[in-house]
Amino acid sequence: MRLVETSLSLSSTYLGKAIYNNKGQILLNEGVQLDTRLLQRLIGMNIHYIYIQDNKTEDLKLHYPISMKLRRKAITSIQKHFDEFESNRQFSNVLVLEKAAKSLIKIIREIQAEIKDSQDLLALLSDVYTYDHYIFTHSLNVTMYSLAIGMKLNLRDYELETLGLGAILHDVGKVKIPEEILMKPERLTDEEFFQVKKHTVEGFELLRNIPSVTLIAAHCAYQHHERLNGSGYPRGIKANEIHPFGKIIAVADVFDAVTSNRIYRQAMLPHEGLEILYSGSGTLYDQKTIEVFRQAVAVYPIGITVVLNDGRKGVVCKQNIGLSDRPVVRVLEENGIEVDPYEIDLKTLLDVMITACDTTFKKS
Ligand SMILES: [Fe+2]
């Protein structure tokens with residue numbers, strides 16, 4: 001299985017991994033033979049990368065950090081409770097809100113347990129088409145990333161619960177913003193941006209009145225767009241004025257936003273998403289949080305083709321926990337010439353480096 005750019009030249013190859021919508025329903029099944037019509041449809045849906053079958057890498061398996069069953073349950077539950085939060089806020093129906101918060105806490109515990117069990121690097125690479133209701137998938141992804149960071153920082157269970165709840169609800173204030181604004185491909189007007197920014201305060205106001213949502217979790221919604229140098233919103237607070245959980249969710253939020261399929265721009269690959277974070281390290285985002293995040297996330301996911309500094313090229317076939325940017329690579333080419341596949345572990349070959357990813361497809 002190999003990760004390649006969606007292009008018409010993939011015609012007559014076979015899809016290596018099913019493509020889902022955000023409700024967990026299959027849009028296109030694994031094993032389907034691709035043709036121009038299907039590929040055009042995928043490109044039209046802004047799905048820029050897909051996995052295809054390939055005989056040199058057919059044994060590679062991708063691990064999604066949580067089961068499809070839990071993912072479906074989590075998305076449905078986030079959607080349901082966000083709607084409840086929205087429809088009950090005017091009446092301040094605390095009982096309904098309290099029940100919703102408790103049910104989300106349960107889901108967070110399940111997610112935490114599954115991530116912990118999988119003992120794997122997080123690879124959420126978009127196989128999900130999320131034109132609609134992006135916010136629910138995004139909330140789940142941000143929760144998984146935030147929990148993974150929290151676990152690496154050895155937070156205690158009650159802290160992880162608060163962090164998870166803050167993450168799953170960080171954008172709850174967005175339910176009030178019209179979809180046209182959230183989905184708008186062009187630059188927002190000042191008035192629209194003003195409306196978008198309000199989701200932080202609205203989320204905070206809603207959450208701080210729910211008894212089982214701790215004040216820190218409510219502050220996650222309030223603070224996740226604040227930046228270290230004070231350039232964020234809504235208050236423009238700085239550095240240590242921002243709670244550590246606010247810093248964690250900021251990193252998770254930005255990474256997921258740039259690596260997800262959106263209708264108006266192309267998803268970046270994980271190493272590119274990390275570059276964005278690094279470019280703001282210490283000025284916008286907390287340096288240590290980024291460092292911990294890098295260790296938790298699959299920088300080069302399984303199935304991606306990488307170019308090495310010694311002229312070799314191959315496909316990532318295994319991750320190294322703790323050394324997320326030095327995976328095991330199955331070499332397929334040496335200086336442009338195909339070779340019989342063999343594997344090298346970048347963990348032990350410290351002078352060999354990944355210099356680029358190659359997602360173009362060449363029929364062999
Ligand atoms: Fe947000």
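**Domains, a hairpin sheet and some odd backbone angles**

Biologist: What separates the centres of domain 1 and domain 2, taken over C-alpha atoms?

Modeller: The separation is 28 Å between the two centres, taken over C-alpha atoms. Keep in mind that this is a predicted model.

Biologist: Noted. Where do the domains of the chain run?

Modeller: The domain assignment puts domain 1 at 2–52, domain 2 at 68–296 and domain 3 at 305–357.

Biologist: Let's take the sheet. How many strands form it, and in which order?

Modeller: Five strands form an open sheet. The order is 9-8-7-6-10, with antiparallel pairing.

Biologist: Which strands stand at the edges?

Modeller: Strand 9 (337–345) and strand 10 (354–357) do. Each has a single partner strand, so one side of each is left without a neighbour in the sheet.

Biologist: And how much are neighbouring strands turned against each other?

Modeller: By 35° on average, direction ignored.

Biologist: Walk me through the pairings. How many bridges join strand 6 to strand 10?

Modeller: Three bridges join strand 6 (residues 305–308) to strand 10, and the two run antiparallel. Val 306, for instance, has Cys 357 of strand 10 as its bridge partner.

Biologist: What about strand 7 and strand 8?

Modeller: Strand 7 (residues 312–318) is joined to strand 8 by six bridges, again antiparallel. Lys 313 has its bridge partner in strand 8, and that partner is Glu 333.

Biologist: Stay on Glu 333. Which residue is its bridge partner in strand 9?

Modeller: Glu 338 is the partner there. So in strand 8, Glu 333 is bridged to Lys 313 and also to Glu 338 of strand 9.

Biologist: How many bridges link strand 8 and strand 9?

Modeller: Six bridges, in the antiparallel sense, with strand 8 spanning residues 328–334. Among the bridge pairs, Val 328 is matched with Asp 345 of strand 9.

Biologist: How many residues of strand 9 are buried?

Modeller: Zero of its nine residues are buried, and strand 9 is hardly covered.

Biologist: What sits between strand 8 and strand 9?

Modeller: The two strands form a hairpin with two residues between them. Asn 335 lies in that loop, and Gly 336 lies there too.

Biologist: Are those loop residues buried or exposed?

Modeller: Asn 335 is exposed, because it has 9 other C-beta atoms within 10 Å. Gly 336 is exposed as well, with 7. The cut-off for exposed is 12 or fewer.

Biologist: What is the phi of Asn 335?

Modeller: Positive, about 45°, although Asn 335 is not a glycine.

Biologist: Why flag that sign?

Modeller: Most residues other than glycine have a negative phi.

Biologist: Which other residue has a positive phi without being a glycine?

Modeller: Ala 239 does, at about 25°. Ala 239 lies in the loop between helix 8 and helix 9. It counts as partly exposed, because it has 13 C-beta neighbours inside 10 Å.

Biologist: Where is the peptide bond that is cis?

Modeller: It runs from Tyr 233 to Pro 234, with omega near 10°. Pro 234 is found in the loop between helix 8 and helix 9 (244–259). Ala 239 lies in the loop between those helices too.

Biologist: Back up to helix 8. How do helix 5 and helix 8 cross?

Modeller: The axes of helix 5 (residues 157–168) and helix 8 (residues 215–223) come within 8 Å. They cross at roughly 35°. The crossing is right-handed.

Biologist: Which residues make the contact?

Modeller: Helix 5 brings Thr 162, Leu 165, Gly 166 and Ala 167. Helix 8 brings Ile 216, Ala 217, Cys 220 and Ala 221.

Biologist: How do the residues of that contact divide into nonpolar, polar and charged?

Modeller: Six are nonpolar, two are polar and no residue is charged.

Biologist: New topic. Where is Arg 41 found?

Modeller: In helix 1 (residues 36–44). Arg 41 is partly exposed, with 14 other C-beta atoms within 10 Å.

Biologist: And how far apart are Arg 41 and Thr 283?

Modeller: They are 242 residues apart in sequence and 40 Å apart in space, C-alpha to C-alpha.

Biologist: Last one. How are Gly 336 and Asp 286 separated?

Modeller: By 40 Å between C-alpha atoms, and by 50 residues along the chain.

Notes: Residues numbered from 1 in each chain as written. Predicted model: local features only at pLDDT ≥ 70, side-chain atom pairs only at ≥ 80, totals over all residues. Pairing = 2+ DSSP bridges. Helix = DSSP H or I, 4+ residues; strand = E, 2+ residues; numbered from the N terminus. Axes fitted to C-alpha atoms, helices over the stretch in contact; angles between N-to-C directions. Buried ≥ 20, exposed ≤ 12 C-beta atoms within 10 Å, placed from the backbone. Domains from an automatic or database assignment. Left-handed = near helix turned anticlockwise from the far one by under 90°. Contact = placed C-beta atoms within 7 Å. Nonpolar A, V, L, I, M, F, W, Y, C, P; charged D, E, K, R; others polar.
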